[in-house]
Amino acid sequence: MSDGLLADAGHIAKASGLAARIDLESLPLSPGGAAWLSGQPDRAAALVQLATGGDDYEVIAAVAPEDVEAYARAAGMRVTVVGRLTDGQGVDARLDGQALSLDRLGYRHG
């Protein structure tokens, strides 16, 4: 179960002692997610909603940049780079290089 891409990236970053930078324009979307996005008046807000919702599922993993192609071959699946781990802490969501303000990273339990 996903709490949303940004929340899950935050869990990985925190466990790694790093920060996560996610480039929202790189998100792989299902046909339904892409169709929904195309009908939204505010692209940035819609991408944040998709990245915090947890309803359009993909697997997130941290892989060294030099190992991405080998990982994809070994896993037998397409891999999309959506961001990177960097020094620091927290999650930085960007759209076309511009940082976005976030009210939340994903679903909060309880």
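This passage describes the strand pairing, the sheet and the nonpolar core of a predicted model. Residues are numbered from 1 along each chain as its sequence is written, and side-chain values use heavy atoms, with hydrogens and water left out. In this predicted model, local features need pLDDT of at least 70 and side-chain atom pairs count only at pLDDT 80 or more, while totals for chains, interfaces and linings use all residues.

We can start with the sheet. Helices (H or I, at least four residues) and strands (E, at least two) are DSSP runs numbered from the N terminus, and two strands pair if DSSP finds at least two bridges between them. An open sheet of 4 strands, with mixed pairing, follows the order S2-S1-S3-S4. Strand S2 (83–86) and S4 occupy the edges with a single partner strand each, so one side of each has no neighbour in the sheet.

Strand S1 (residues 19–23) pairs with strand S3 (residues 90–95) in the parallel sense over 5 bridges, with Ala-19 opposite Gly-90 in S3. S3 and strand S4 (residues 98–99) run antiparallel, joined by 2 bridges, and here Leu-95 stands opposite Gln-98. These two strands form a hairpin with 2 residues between them, and Asp-96 in the turn has a positive phi of about 55 degrees.

Turning to the packing, the largest nonpolar core (buried Ala, Val, Leu, Ile, Met, Phe, Trp, Tyr and Cys residues joined through side-chain atoms within 4.5 Å; buried means under 20% relative accessible area with a 1.4 Å probe, protein chains only) has 15 residues. Those with the most contacts inside this core are Leu-6, Ile-22, Leu-24, Leu-27, Leu-47 and Ala-51. Helix H1 (5–16), S1, helix H3 (43–53) and S3 are the elements that give two or more residues to this core, and H3 supplies the largest share, 4 residues.

Terms used: Buried < 20%, exposed > 50% of the residue type's maximum accessible area, 1.4 Å probe, protein only.
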